[in-house]
Structures are given as structure tokens and as C-alpha cells.
Amino acid sequence: MAIHENLLGGPPPTNLPDDPEPRELLASGAAPAEVAAKYPASSLAWAQLADDAFGAGRVVESYAYARTGYHRGLDALRRSGWKGHGPVPWEHEPNRGFLRALHALARAAQAIGEQEEYERCSTFLRDSSPTAAETLG
């Protein structure tokens, strides 16, 4: 049996195509703003910008970065056959940018008092990847 086989007949996991350049640039210490400017479709770059802004207390800026990464990720998921629900496994590294942006959006929404968005994003994260929800907190 495959590790991600869904015995209930739900949608199969969506795995985004690998986009190693932004990940490698960020890992080498490149500024996230430069990576996002060079690769604006990279959810990972926007998620890193959101994390950095949040860590520096710039919550509204974090919210904006996270929302951008979230929407870029939704676009990529749809291009990969995602129909609006189903697993987006954390274990598949290219999915992590989207999942991190979704987490960052929930965190920033909570910080600015957007309780409904916080709850929606938190539920979406848990439904997409329980591992991501646990890993990201």
C-alpha cells in the first residue's frame, strides 16, 4: 500500500513541481526580497519574507507577504491539478513554500484580529497537511 493512499476515495495528494532555484538561493543566504523579485511565483520566498517581517514585529507587512505567497501557491496547486481540497503533503519539499505561507497568513491574521481568517487558514493547513500544522506550530 502506498504511504499516501486514500482508502476513502478522496482526491490524491497534490505535489507541486520542484522549483529548486529560489530554495537554493535562500539556503545560500540570498536576501528573500531579492529572491521574490527574481522568482515572484515562489511561495517559499514570500513565506520567508512573511516570517522575517513577523519576527521583526511588522505584522501587517507579514500579512501582505503571506497573502502573496498563499495566492501564488494556490495558482501553482491549481496548475498541478488540485481541485480546491485534498492533501498537500509537507513531506514533498516543493509543497513547503505554500504550506509555510498558509501558516504565516494564519499567524498574521490572528495577530491583527482577523479571527475568521485565522480559523479558516488554520483549518486549511491542518486539512492539507497535519504534519505541516504540527511542524509549523
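# Helices, faces and cores

Mentor: Helix 4 has 21 residues, and from the first C-alpha to the last the helix reaches 30 Å, close to the 30 Å expected at 1.5 Å a residue. Please keep in mind that this is a predicted model.

Trainee: Which residues of helix 4 are buried, and what puts them on the same side of the helix?

Mentor: The buried residues of helix 4 are Ser-62, Tyr-63, Ala-66, Gly-69, Tyr-70, Gly-73, Leu-74, Ala-76 and Leu-77. Around the axis they cover an arc of only 160°, and therefore they sit on the same side of helix 4. On the other side of helix 4, Val-60 and Arg-79 are exposed, whereas the buried residues pack against helix 3, helix 5 and helix 6. As background, an α-helix has 3.6 residues a turn, so residues three or four places apart point the same way.

Trainee: What follows helix 4, and what is the sign of its phi?

Mentor: Gly-81 follows helix 4, with a positive phi near 95°. Helix 3 is likewise followed by a glycine, Gly-57, whose phi is positive and near 80°.

Trainee: How do you know what length helix 3 should span?

Mentor: Helix 3 has 13 residues, which at 1.5 Å a residue should span 18 Å, and because its end C-alpha atoms are 18 Å apart, the model agrees with that expectation. The buried residues of helix 3 are Ser-43, Leu-44, Ala-45, Trp-46, Ala-47, Leu-49, Ala-50 and Ala-53; what covers them includes helix 1 (20-27), helix 2 (32-38), helix 4 and helix 5.

Trainee: Why is Ala-47 called buried or exposed, and which residues does Ala-47 touch?

Mentor: Ala-47 is found in helix 3 (residues 43-55). Buried means under 20% relative accessible area, and Ala-47, at 0%, therefore counts as buried. Leaving out residues up to four places away in sequence, Ala-47 touches Gly-97, Arg-100 and Ala-101.

Trainee: Where is Gly-55 found, and why is Gly-55 called buried or exposed?

Mentor: Gly-55 also has its place in helix 3. With a relative accessible area of 69%, set against a threshold of over 50% for exposed, Gly-55 is therefore exposed. The C-alpha atoms of Gly-55 and Gly-73 are 22 Å apart in space, with the two positions 18 residues apart in sequence numbering.

Trainee: What is Ala-41 called, with a relative accessible area of 45%?

Mentor: Ala-41, in the loop between helix 2 and helix 3, is called partly exposed because its 45% lies between the 20% and 50% limits.

Trainee: How do you know that the buried residues of helix 6 line one face?

Mentor: In helix 6, Glu-117, Cys-121, Ser-122, Phe-124, Leu-125 and Ser-128 are buried. Seen down the axis of helix 6, these residues fall within an arc of 160°, so they line one face of the helix. The face turned away from the buried side carries the exposed residues Glu-116 and Asp-127, and what covers the buried residues includes helix 4 (59-79), helix 5 (96-111) and helix 7 (130-136).

Trainee: Which residues touch the most other members of the largest nonpolar core?

Mentor: This core has 24 residues, and Tyr-70, Leu-74, Leu-77, Phe-98, Leu-99, Leu-102 and Phe-124 touch the most other members. Helix 4, helix 5, helix 6 and helix 7 are the elements that give two or more residues to the core, and helix 5 provides the largest share, eight residues. Leu-102, leaving aside neighbours within four places in sequence, is in contact with Tyr-70, Cys-121, Phe-124 and Leu-125. Apart from this core lies another, of seven residues, among them Leu-26, Leu-44, Ala-45 and Trp-46.

Trainee: What makes the radius of gyration of the chain agree with that of a compact globule?

Mentor: For 137 residues a compact globule would have a radius of gyration near 14 Å, and the chain agrees because its own value is 15 Å. Taken along the principal axes, the C-alpha atoms fill a box of roughly 45 × 35 × 25 Å. Buried residues make up 39% of the 137 residues, and among contacts between residues at least 6 apart in sequence, 62% join residues at least 24 apart.

Trainee: How many helices and how many strands are there in the chain?

Mentor: The chain has seven helices and zero strands, and read along the sequence the pattern is α-α-α-α-α-α-α.

How values were computed: Residues numbered from 1 in each chain as written. Predicted model: local features only at pLDDT ≥ 70, side-chain atom pairs only at ≥ 80, totals over all residues. Heavy atoms only, no water. Buried < 20%, exposed > 50% of the residue type's maximum accessible area, 1.4 Å probe, protein only. Helix = DSSP H or I, 4+ residues; strand = E, 2+ residues; numbered from the N terminus. Arc of directions from axis to C-beta. Contact = heavy atoms within 4.5 Å. Core = buried A, V, L, I, M, F, W, Y, C linked by side-chain atoms within 4.5 Å. Rg over C-alpha atoms; globule rule 2.2 N^0.38 Å. Expected span 1.5 Å × (residues − 1).
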